[in-house]
Amino acid sequence: MSILSKKQKSFSKIPTHIAFIVDGNGRWAKKYGMPRNYGHKCGVDAIKKIIDSCSKFGIKVASFFIFSTENWARPKDEVDYIFQLAKDMFEKTLSEYKEKNYRIHVIGEVSKLDSEMQEIISKAVTETQDNDGMIVNFAINYGGRDEIVRACNSLIKSGKEEVTKQDFEQALYTCKLPDPDIVIRTSGEIRISNFMLYQMAYSELFFPKKYWPDFKEKDLYKVLIEYQGRDRRYGKLA
């Protein structure tokens with residue numbers, strides 16, 4: 001039995017949506033004298049485990065920032081390897097996620113990915129769209145600033161002369177998702193790196209020092225413990 005399963009009854013606040021900035025794969029690999037790509041491979045393995053941990057605890061949405069619009073500036077062989085890992089992850093876990101009743105969701109400028117990647121994503125999303133379990137949301141070729149600009153242009157094209165908050169939120173990639181209650185960025189870097197800039201306005205932020213491949217269920221548990229003591233006032237008085 002997992003630590004979450006044993007302890008979950010002690011929590012009074014269970015977040016609906018946790019978003020992860022999965023940082024530190026390359027540095028983790030370097031720490032152990034391995035190539036950066038090995039770190040990315042182990043990072044994917046960590047994602048799979050944390051998805052199941054979130055599900056065990058009753059989290060409704062788990063988001064993972066796996067490739068940003070800025071990551072294209074990395075060496076081509078590393079970018080190619082990351083996308084091959086993503087393709088393999090979607091293909092190899094699809095049947096498992098269908099069985100576990102997970103619903104796959106993807107945000108980002110998917111149309112700029114290669115045709116094979118687009119087809120794999122489309123298949124994963126389509127074949128799990130009727131599942132009503134946890135939503136597993138992957139941010140691929142995603143950038144928060146680009147998302148905001150894209151939403152503005154979409155509203156302009158629709159003929160809007162005045163935009164409400166609700167209009168704007170409906171134009172975002174995340175229009176069908178709740179805002180994240182918790183955002184976790186691993187590796188000890190204390191920044192949000194262009195991730196869900198609008199959506200995390202009132203998210204609780206956590207910056208564990210562990211690199212992503214070392215982030216385990218027990219570390220998620222520690223975050224959830226601390227979350228119990230956070231006072232989320234949304235600008236109001238307690």
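In this predicted model, glutamate 189 and arginine 27 form a salt bridge in which the closest N and O atoms are 2.9 Å apart. The two partners belong to distant parts of the chain, 162 residues apart, with glutamate 189 in the loop between β5 (182-185) and β6 (204-206) and arginine 27 in helix α2. Glutamate 189 is partly exposed, because its relative accessible area of 23% falls between the limits of 20% for buried and 50% for exposed. Arginine 27 is likewise partly exposed, at a relative accessible area of 30%. This pair also belongs to a network, in which salt bridges that share partners join Asp23, Arg27, Arg185, Glu189 and Arg191.

Side chains of opposite charge can pair when their charged atoms come close. In this protein the count of salt bridges comes to 21, and two further examples show how the setting of such a pair can vary. Lysine 76 forms a salt bridge with aspartate 80, with the closest N and O atoms 2.7 Å apart, and both residues lie in helix α4 (residues 76-99), where a spacing of 4 residues corresponds to about one turn of the helix. Lysine 76 counts as exposed at 62% relative accessibility, whereas aspartate 80 is partly exposed at 41%.

Glutamate 204 forms a salt bridge with arginine 230, the closest N and O atoms again being 2.7 Å apart. Here the link is once more between distant parts of the chain, since glutamate 204 sits in strand β6 and arginine 230 in the segment after α8 (217-228), 26 residues apart. Glutamate 204 is buried, because its relative accessible area of 14% is under the limit of 20%.

Seen as a whole, the protein has 8 helices and 6 strands, and from the N terminus on its elements run α-β-α-α-β-α-β-α-β-α-α-β-β-α. Several of these strands pair with one another. Strand β1 (residues 17-21) pairs with β2 in the parallel sense over 5 bridges, and phenylalanine 20 stands opposite phenylalanine 64 in β2. Strand β2 also pairs with strand β4 (residues 135-142), again in the parallel sense and over 7 bridges, with valine 61 opposite isoleucine 135 in β4. Strand β4 is in turn joined to β3 by 5 bridges, the two strands running parallel, and isoleucine 135 in β4 is the bridge partner of arginine 103.

Strand β2 (residues 61-68) is mostly covered, with 7 of its 8 residues buried. Strand β3 (residues 103-107) has 4 of its 5 residues buried, so this strand is largely enclosed by the rest of the structure. Across the protein, buried residues make up 47% of the 238 residues. Among contacts with a separation of 6 or more, 77% are between residues 24 or more positions apart.

The overall dimensions can be set beside this picture. The C-alpha trace spans about 55 × 50 × 35 Å along its principal axes, and the radius of gyration of 18 Å agrees with the value near 18 Å that a compact globule of 238 residues would have.

On the outside, the protein exposes about 12700 Å², of which carbon and sulfur atoms supply 50%. Part of this surface is a nonpolar patch formed by Tyr32, Met34 and Tyr38, which together have about 300 Å² of accessible area. Tyrosine 32 lies in the loop between α2 (25-31) and α3 (36-57), and this residue is partly exposed, with a relative accessible area of 47%.

Methods:
Residues numbered from 1 in each chain as written. Predicted model: local features only at pLDDT ≥ 70, side-chain atom pairs only at ≥ 80, totals over all residues. Heavy atoms only, no water. Patch = residues over 30% accessible without salt bridge, like charges linked within 9 Å, V, L, I, M, F, W, Y side chains within 5 Å. Areas by Shrake-Rupley, 256 points an atom, 1.4 Å probe, with all protein chains shown as cover. Salt bridge = Lys/Arg side-chain N within 4 Å of Asp/Glu carboxyl O. Buried < 20%, exposed > 50% of the residue type's maximum accessible area, 1.4 Å probe, protein only. Rg over C-alpha atoms; globule rule 2.2 N^0.38 Å. Contact = heavy atoms within 4.5 Å. Pairing = 2+ DSSP bridges.
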